[in-house]
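Let's take a walk through this protein together, starting with the overall layout and working inwards. Have a look at the sequence and the structure before reading on.

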Amino acid sequence: MQVTSLVFRLLVALAASLFLQGCKTLVVKGGKSKKPAETTARAPEEMKLPIGTIHHVDAEGGFVLIQSGRTYKIEPETELTAVGDAGEVTSVLKVSEARKGPFLSADILNGIPKSGQKVLMDYTTRPASNPFENGSPENSPGSEVQVLE
């Protein structure tokens, strides 16, 4: 009988210690919780997106033609950077309105671009928006019901 109660006590103590170790809401000395709440919004991440390569340079006209295999919607006046083989920035470009097929044109702001150099765009991710921030999602624009047949 004593062996059974000793084993039972050990099992209860083991279960209690496992539960208390895994609990994330325990308050540690000083009134602080073990882990801070993850309610702070993350800062937007910045990254460089490869847009394409410089196909043609017109130094007299002050522009370049960029061949892009991607279908990014790049707004005019967006700044791009051309990088050399070692990854160094060789020039800064500004997208113009002229584009045709996979080619877009960009004005040379500074530097000396060369044909074949890679073109990158700075991209900042948008933080996730809360649909209930500005009222209910039912009243937001574009929330019409679509019936698919």
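What pattern does the protein chain follow when you read along the sequence? It goes α-β-β-β-β-β-β-β-β, so to speak a tally of one helix and eight strands. Keep in mind as you look around that this is a predicted model.

Now for how the strands come together. Six of them form a closed barrel, in the order β3-β4-β7-β6-β5-β8, with antiparallel pairing. From one strand to the next, the twist averages 45°. To see one of these pairings up close, find strand β5 at residues 79-83 and strand β8 at residues 118-124: four bridges hold the antiparallel pair on record here. Within it, Thr81 stands opposite Leu120 of β8.

Next, the inside. The largest nonpolar core has 14 residues, and Ile66, Leu80 and Leu93 have the most contacts inside it. At least two residues of this core come from each of β3 (46-58), β4 (63-67), β5, β6 (89-100), β7 (103-111) and β8. The largest share, three residues, is supplied by β3. Leu93 is a good place to pause: setting aside neighbours within four places in sequence, its contacts include Val64, Ile66, Leu80, Ala82, Ala106 and Ile108.

Finally, step back to the whole chain. Of its 149 residues, 18% count as buried. The chain exposes about 12300 Å², with carbon and sulfur atoms supplying 57% of that area. And among contacts with a separation of 6 or more, 50% link residues 24 or more positions apart.

Technical notes:
Residues are numbered from 1 along each chain as its sequence is written. This is a predicted model: local features need pLDDT of at least 70, side-chain atom pairs count only at pLDDT 80 or more; totals for chains, interfaces and linings use all residues. Side-chain values use heavy atoms; hydrogens and water are left out. Buried means under 20% relative accessible area, exposed over 50%, partly exposed in between (1.4 Å probe, protein chains only). Contact means heavy atoms within 4.5 Å. Accessible areas come from the Shrake-Rupley method with a 1.4 Å probe; for residues, only the protein chains shown count as cover. Two strands pair if DSSP finds at least two bridges between them. Axes are lines fitted to C-alpha atoms, for helices over the stretch in contact, and angles run from 0 to 180 degrees between N-to-C directions. A nonpolar core is a set of buried Ala, Val, Leu, Ile, Met, Phe, Trp, Tyr and Cys residues joined through side-chain atoms within 4.5 Å.
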